[in-house]
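I opened the notebook today to look at enclosed space inside a protein and at how two of its helices pack. Here is the entry I started from.

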Amino acid sequence: MAVAPARRVSAASARSHTRKAKQGHSLSTSGVFKKLLLVTFIGFLAWAYQALQPPQPKIPGSPGGPPITAPRIKLRDGRHLAYKEYGVEKDSAKYKIVVVHGFNGCRHQSLFLSQELIDNLGVHLVSFDRPGYGESDPDPKRTRKSIALDIEELADQLGLGTKFYVIGISMGGQIVWGCLKYIPHRLAGVAMLAPVVNHWWSGIPSDLASLVYKQLLLQDQWALRVGHYAPTWFTYWWNTQKWFPSSAAIVRHPDTLSPSDKEILAKIILPKELLTVPLLQGEYESIHRDLATGFGAWEFSPVDLQNPFQNNEGRVHIWQGDEDRLVPVTIQRFIAQKLPWIKYHELPGAGHAFMLADGMPDRIAKALLLGETDGDD
């Protein structure tokens, strides 16, 4: 039988075949690598999404949430508001005051009046946990108007009368602006103690806002910028990540305290509940919601408000220390000049904690309730 002759393969053909084999292997390897990159990228996005999602708040009285220990009212939308009452009996009180706590505070943060003044003037006080703080249910849709209506409903359910006083401490001062806007007919008078300003309020000259903004610690400049421009979930991420410094107020940076603040805080003993109660539900619907709401876009500007007491039936007071490192004094002065119907008290040498100084709460109350002044204006 004849044997077929062996097929000759040229060197060029062999090289071509080798190249094709290598190309096929290369294409196969490239395809696998692209798939691996895609899977890795998708995995990274999933991780980033989970990392950026804030935890759900621990609703008071729910499984995993804090127990309910404070009296609470049920609001119009089903939420609950925790509160605390003290002073003389409500039925015999001449003056009824609602106190609004500040950033990272709770119902135990109040205006600590002397018992002598409370008894002599007949003062009944109500403080409450703002939404998301302490034992008050969170309000993801919180606005200036909603919290003003919360206060009005709290006053109605507790029987404080047709008119009552409101005192706002620090960030609680922003809530008082909302009360002046939305429930002025319910107010007998208000006082704002070192009220936090929003540097993006309309009506404030941009050069003035920029000047004051740059007086803040750099980390606070970034935190407020994030609070203004970013959604709340990103505000939460920014202030909980570890790569960049977060809000100085959150971490209680010592440089936010003036010399007088340090002196005052060294002398007093604050209620221990102020360290444990504010963040019982977590941080997201309390302090981070505060930053986003307080420094986000407002539907009105305080400098555009009209005097709610045209017939002098009530008083509006702002108290401000000229060495406050959290709320620089400059914008406060501008607001007082724009709104001459406000009684402005500037305290030389005082910082952000002046309302805790010995005798200061009584002085603030007498100015609000009685119109007494002692040379601070």
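These are my notes on a cavity and on a helix pair in this predicted model.

**Entry 1: the cavity**

I began by asking how many cavities of 30 Å³ or more there are. The count came to one. I then looked up the space in the largest cavity and noted about 90 Å³.

Next I wrote down what lines the largest cavity. From the early part of the list I have Arg130, Arg142, Thr143, Arg144 and Ile147. Met171, Gln174 and Ile175 also belong to the lining, as do Asp290, Thr293, Gly294 and Trp298. Sorted by class, the lining has four nonpolar, four polar and four charged residues.

Which helices each supply at least two residues of this lining? I found α3 (144-157), α4 (172-182) and α11 (284-295). The largest share, three residues, comes from α11.

**Entry 2: α3 against α4**

Two of those helices deserved a page of their own, so to speak. I checked how α3 and α4 pack: the angle is about 80 degrees, and their axes are 8 Å apart. An angle of 65 to 115 degrees counts as roughly perpendicular, and α3 and α4 are therefore roughly perpendicular to each other.

Then I went through the contact itself. On the α3 side I listed Arg144, Lys145, Ile147, Ala148 and Ile151. They meet Ile175, Gly178, Cys179 and Tyr182 in α4. By class, this contact has six nonpolar, one polar and two charged residues.

**Entry 3: cross-check**

Comparing my two lists, I see Arg144, Ile147 and Ile175 in the cavity lining and again in the contact of α3 with α4.

Definitions and conventions: Residues numbered from 1 in each chain as written. Predicted model: local features only at pLDDT ≥ 70, side-chain atom pairs only at ≥ 80, totals over all residues. Heavy atoms only, no water. 1 Å grid on protein atoms, 1.4 Å probe; cavity = no way out; pocket = protein on both sides within 12 Å on 5 of 7 lines; lining within 4 Å. Points joined across faces, edges and corners; volume = space filled by probe spheres on them. Helix = DSSP H or I, 4+ residues; strand = E, 2+ residues; numbered from the N terminus. Nonpolar A, V, L, I, M, F, W, Y, C, P; charged D, E, K, R; others polar. Axes fitted to C-alpha atoms, helices over the stretch in contact; angles between N-to-C directions. Parallel < 35°, antiparallel > 145°, perpendicular 65-115°, else oblique. Contact = heavy atoms within 4.5 Å.
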